[in-house]
Amino acid sequence: MHQEAMDTDRSSIPFLDLSATTDEVRPEVMTRWAELLDSNAFIGGDAVARFEHQWAAYCGTSHAVGVANGTDALHLTLRALGIGPGDEVLVPANTFVATVEGVVLAGASPRFVDVDPDTLLVTPEIIEEAVTANTRAVVVVHLYGQMPDMERIMSTARRLQLHVVEDAAQAHGATWGTGRAGSFGDAGCFSFYPGKNLGAFGDAGAVVTGDPVLAERLSSLRDHGRSRSGHHEHTCLGSNSRLDALQAVVLSAKLGRLDSWNRARRALAGLYRELLDEDVVTMVQERPGATGVHHLAVARVAQRERVREQLATVGVTTGIHYPTPCHLVPPFRRFGHARLPVVERAAGQILSLPMYPHMSIEKVERVATASNRIASGVSNR
Ligand SMILES: *Cc1c(COP(=O)(O)O)cnc(C)c1O
């Protein structure tokens with residue numbers, strides 16, 4: 001018995017474990033998938049329309065357009081806004097490469113900006129300072145699941161006549177004040193990659209917007225530039241970026257559980273915050289007004305690689321989001337940039353600790369204890 005307890009104690013802690021979330025929806029998904037197989041309606045149809053309707057309602061927008069993935073959501077949204085060659089789009093440099101791919105695929109040029117040192121999010125002041133005569137839009141990234149002050153960002157952007165696209169791929173259900181992620185900007189772009197807070201059983205994405213014209217354009221762009229008037233009416237250069245019915249079924253099944261899963265994440269993040277020694281393992285700050293959904297639990301440590309290796313030796317798997325700021329990633333270097341000191345410093349310190357809704361309190365305690373011990377050891381050396 002004692003030996004068993006010790007073995008359990010030494011068991012490894014994965015960075016992410018999707019098994020419990022999958023199990024929660026398995027019966028419902030299996031039933032609905034069986035119905036779908038009977039109907040043979042694999043593209044479009046009721047399942048997709050139903051999820052789009054549910055997702056728009058959840059986000060507090062009038063429209064949602066399902067697409068194939070989050071990268072397409074960003075790329076097609078920028079195109080639907082008329083942004084392309086010669087246009088500049090502000091992008092925080094500390095994001096997943098997909099944010100930048102969306103801009104470049106639309107034909108526009110990213111202009112990389114720095115972020116707030118405490119939240120690692122873009123601010124209205126940074127936007128204001130970075131705009132040039134060619135700047136048409138800003139992509140605001142709700143990194144790690146937290147939103148910046150969207151009211152101030154929207155009023156700054158309106159004054160500067162910039163479109164605002166929210167990259168909400170890590171922020172399903174996050175709020176600023178009473179507004180949900182995706183509901184502030186011209187559009188909100190979501191990825192439903194399996195590891196996201198709302199994840200499909202494969203690739204999927206969506207765009208939410210309150211603008212019916214933008215929604216109509218997106219519906220056309222994702223489906224070969226078709227117009228509503230006919231299957232063979234191709235009115236613009238589109239592409240194929242449709243949301244699969246099989247995935248829409250999974251997303252509808254999971255959506256009913258999203259709030260409770262996000263609450264669980266918030267509780268675990270609160271526990272990390274309480275247990276971690278903030279002098280050596282400093283979590284990214286959360287601002288009053290923001291209710292984050294903790295897609296990731298990110299702390300900053302000195303000698304990150306050594307901390308990471310030593311955590312691995314005690315069975316704790318961690319991640320880095322992201323090791324190379326986007327302005328230094330090879331395909332994006334040609335866009336040039338000023339020095340971005342906050343992003344560049346943070347890239348060497350950030351460490352993503354294990355985080356998923358069904359993670360046990362005991363595991364969080366073990367990660368926190370090990371992190372405190374290891375990080376204080378390396379910082380004393
Ligand atoms: C996951 C992610 C995306 C891209 O999503 P895909 O569905 O993988 O294309 C875009 N932006 C951010 C911030 C992400 O985390």
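This passage describes the nonpolar cores, a run of parallel strands and the salt bridges of a predicted model.

A good place to start is the interior. The largest nonpolar core holds 48 residues, and Val89, Phe112, Leu120 and Tyr144 have the most contacts inside it. Strands and helices both supply this core: two or more residues come from each of the strands E1 (63-67), E2 (88-92), E4 (135-141) and E8 (187-191), and likewise from each of the helices H4 (70-80), H5 (97-105), H8 (212-221) and H11 (341-347). Helix H4 is the element that gives the most, with five residues. Because residues of both domain 1 (3-11 + 257-379) and domain 2 (22-251) take part, this core lies between the two domains. Nonpolar side chains tend to be buried together in soluble globular proteins.

Val89 offers a close-up of this core. Beyond its neighbours within four places in sequence, Val89 is in contact with Leu78, Ile83 and Val103, with the run Ala108, Ser109, Pro110 and Arg111, and with Ala137, Val138 and Val139. Apart from the core that contains Val89 lies another one, of 45 residues, which includes Val140, Ala200, Ala204 and Leu258.

Attention now turns to strand E5 and its partners. Strand E5 (residues 163-167) is mostly covered, with four of its five residues buried. Strand E5 pairs with E4 in the parallel sense, and five bridges connect the two. Within this pairing, Val141 has Asp167 of E5 as its bridge partner. The route from E4 to E5 passes through helix H7 (residues 150-159), giving a β-α-β crossover that is right-handed. Strand E5 also runs parallel to E8, to which three bridges join it. Here Glu166 is found opposite Gly188 of E8.

The charged side chains add another set of links. Side chains of opposite charge can pair when their charged atoms come close. In this model the count of salt bridges comes to 17. One of them joins Arg222 to Glu52, with the closest N and O atoms 2.7 Å apart. Since Arg222 sits in the loop between H8 and strand E10 (226-227) while Glu52 belongs to helix H3 (residues 45-59), the pair ties together parts that are 170 residues apart in sequence. With buried meaning under 20% relative accessible area, Arg222 is buried at 16%, and Glu52 is buried at 14%.

A second salt bridge brings together the side chains of Asp87 and Arg136, at 3.0 Å from N to O. Asp87 is in the loop between H4 and E2 and Arg136 is in strand E4, so this pair ties together parts that are 49 residues apart in sequence. Asp87 is buried, at 13% relative accessible area, whereas Arg136 is partly exposed, at 28%.

A further salt bridge links Asp259 with Arg180, where the closest N and O atoms are 3.7 Å apart. This pair, too, links distant parts of the chain, as Asp259 is in helix H9 (residues 245-275) and Arg180 in strand E7 (residues 179-180), 79 residues apart. Asp259 counts as partly exposed at 32% relative accessibility, and Arg180 counts as partly exposed at 22%. Finally, Glu24, Glu28 and Arg257 are joined into one network by salt bridges that share partners.

Notes. Residues are numbered from 1 along each chain as its sequence is written. This is a predicted model: local features need pLDDT of at least 70, side-chain atom pairs count only at pLDDT 80 or more; totals for chains, interfaces and linings use all residues. Side-chain values use heavy atoms; hydrogens and water are left out. A nonpolar core is a set of buried Ala, Val, Leu, Ile, Met, Phe, Trp, Tyr and Cys residues joined through side-chain atoms within 4.5 Å. Buried means under 20% relative accessible area, exposed over 50%, partly exposed in between (1.4 Å probe, protein chains only). Domain bounds come from an automatic or database domain assignment. Contact means heavy atoms within 4.5 Å. Two strands pair if DSSP finds at least two bridges between them. A crossover is right-handed if, with the strands pointing away from the viewer, the path from the first strand over the helix to the second runs clockwise. A salt bridge is a side-chain nitrogen of Lys or Arg within 4 Å of a carboxyl oxygen of Asp or Glu.
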